[in-house]
Amino acid sequence: MQYYNSETVLYLNGKFLKAAETQTDLYGQSLHYGYGVFEGIRAYQTHNGIRVFKAKEHFERLKQSCELINIPYEFDNEQLIDATYKILEVNHLKNAYIRPLVFCSPNMSLTRPAEVSVMICAWDWGAYLGNNLLKVCISSFQRPNPKSVKVEAKATGHYVNSILATTEAKDKGYDEALLLDMHENIAEAPGANFFLEKDGCLFTPPPGSILPGITRATVFEIGQILGIPVFEKTLTVADIQTAQSAFFCGTAAEIVGIKSIDDKVFVADWKDTLGATIQRTYKNLVLEKENYEVII
Ligand code: PMP
């Protein structure tokens, strides 16, 4: 995957620069210790023009993630949102994935950095987990203990756990992993939240050991509009056996249905599930289709 070419422009600390001509410091604290924060955002070409879906919420989370892990955040989110639209424009991107990253200056001691940088780049990216139903396995890796890290921060270092889980799943022939928490309750995927359908309702794990995603919050909003009951509930592996369907959701993955989890195969036709209804409505919502709730 080529993320940029010689023409690509990115945003770095108030400047728009050619990606191929920018450099980073090899002594940086984020590079050495995984002490940085990032976001994953999507832009869509809508009939109202190019729209960054929930831009404010994403940049607000970027700030909150920094605050949670003590990285000084002195950036103006309005300016960062303007910069995001400019990046899309100068790179002629329409349906794009946007990656803001906050990273720290050289500091080899385990203390706050003196200087913090922000960069924003973007590239064309299709559905992160593809468009087919997923073959999922329960990971041998658990999500981090919330007493060890701030799980609600989208911190770079946390993604070592995600990479371990996805790599293990793919090496075993699965499409993606589902991780449990330290109590062996269901938590989330390496880069997406989890929902299951049972008896006309949707259930998802409560905050505690998950990154409570912006897409997850959107599923609650859609459920409210469509009259689909959506609940937070502690879920165990046993709940999978009695579920009718399941899906992952996240900015990169959007809404993606699950075919099987270990040896449990969901027999329902995906298009008849609540997840499929949420999936169609989500697509209409991000594309700003009018009356999106009924165009399903
Ligand atoms: N959990 C994890 C671990 C993630 O990396 C992501 C992707 N940001 C999500 C959940 C979904 O979050 P969002 O819907 O805000 O993209």
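A residue is taken as buried when its relative accessible area is under 20%, as exposed when that area is over 50%, and as partly exposed in between. In the predicted model analysed here, Lys 54 has a relative accessible area of 15% and is therefore buried. Lys 54 lies in the loop between β5 (49–52) and α2, and its phi is positive, at about 55°, although the residue is not a glycine. A second residue other than glycine with a positive phi is Asn 13, for which the angle is near 45°. Asn 13 is placed in the loop between β1 and β2 (15–18) and, with a relative accessibility of 41%, counts as partly exposed. As background to these two angles, most residues other than glycine have a negative phi.

The chain is divided into two domains, domain 1 spanning 9–123 and domain 2 spanning 134–294. Taken over C-alpha atoms, the centres of domain 1 and domain 2 are separated by 25 Å, and the contact between them takes 25 residues from domain 1 and 25 residues from domain 2.

The second largest pocket lies between the two domains, because both domain 1 and domain 2 give residues to its lining. This pocket has a volume of about 260 Å³ and is lined by 17 residues, of which Ala 127, Asn 131, Ala 253, Glu 254 and Lys 283 lie nearest its centre. At least two lining residues are supplied by each of β4 (41–46), β15 (254–261) and α7 (274–286). When the lining of the second largest pocket is sorted by class, nine residues are nonpolar, five are polar and three are charged.

Enclosed space was also examined, and one cavity of 30 Å³ or more was counted. The largest cavity holds about 60 Å³ of space. Its lining consists of Arg 143, Pro 144, Val 151, Ala 153, Lys 154, His 158, Tyr 159, Glu 188, Ser 209, Ile 210 and Leu 211, which by class gives six nonpolar, two polar and three charged residues.

In soluble globular proteins, nonpolar side chains tend to be buried together. In this model, the largest nonpolar core has 30 residues, and within it Ile 71, Leu 88, Ile 98 and Val 102 touch the most other members. Two or more residues of this core are given by each of β1 (9–12), β4, α2 (55–68), α3 (77–90), β6 (96–104) and β7 (116–124), with the largest share, five residues, coming from α3. Apart from this core lies another, of 23 residues, which includes Leu 134, Ile 186, Leu 196 and Ile 258. The surroundings of Ile 98 can be described in further detail: leaving aside neighbours within four places in sequence, Ile 98 is in contact with Glu 39, Gly 40, Ile 41, Arg 42, Ala 43, Val 52, Thr 84, Leu 88, Ile 120, Cys 121 and Ala 122.

Three further positions were considered individually. Glu 288, in the segment after α7, is partly exposed, with a relative accessible area of 27%. Beyond residues up to four places away in sequence, Glu 288 touches Thr 46, His 47, Asn 48 and Arg 51. The C-alpha atoms of Glu 288 and Phe 53 are 9.4 Å apart in space, whereas the two residues are 235 residues apart in sequence.

Gly 28 lies in the loop between β2 and α1 (29–33) and is buried, its relative accessible area being 6%. Residues up to four places away in sequence again being left out, Gly 28 touches Cys 104, Ser 105 and Pro 106. Gly 28 and Pro 113 are 85 residues apart in sequence, and the distance between them in space is 9.4 Å, C-alpha to C-alpha.

Pro 207 is located in the loop between β12 (201–204) and α5 (214–226) and counts as partly exposed, at 39% relative accessibility. With residues up to four places away in sequence not counted, Pro 207 touches Glu 152, Pro 212, Arg 216 and Glu 232. Pro 207 and Cys 66, which are 141 residues apart in sequence, are 19 Å apart in space, C-alpha to C-alpha.

Definitions and conventions. Residues numbered from 1 in each chain as written. Predicted model: local features only at pLDDT ≥ 70, side-chain atom pairs only at ≥ 80, totals over all residues. Heavy atoms only, no water. 1 Å grid on protein atoms, 1.4 Å probe; cavity = no way out; pocket = protein on both sides within 12 Å on 5 of 7 lines; lining within 4 Å. Points joined across faces, edges and corners; volume = space filled by probe spheres on them. Helix = DSSP H or I, 4+ residues; strand = E, 2+ residues; numbered from the N terminus. Nonpolar A, V, L, I, M, F, W, Y, C, P; charged D, E, K, R; others polar. Domains from an automatic or database assignment. Core = buried A, V, L, I, M, F, W, Y, C linked by side-chain atoms within 4.5 Å. Buried < 20%, exposed > 50% of the residue type's maximum accessible area, 1.4 Å probe, protein only. Contact = heavy atoms within 4.5 Å.
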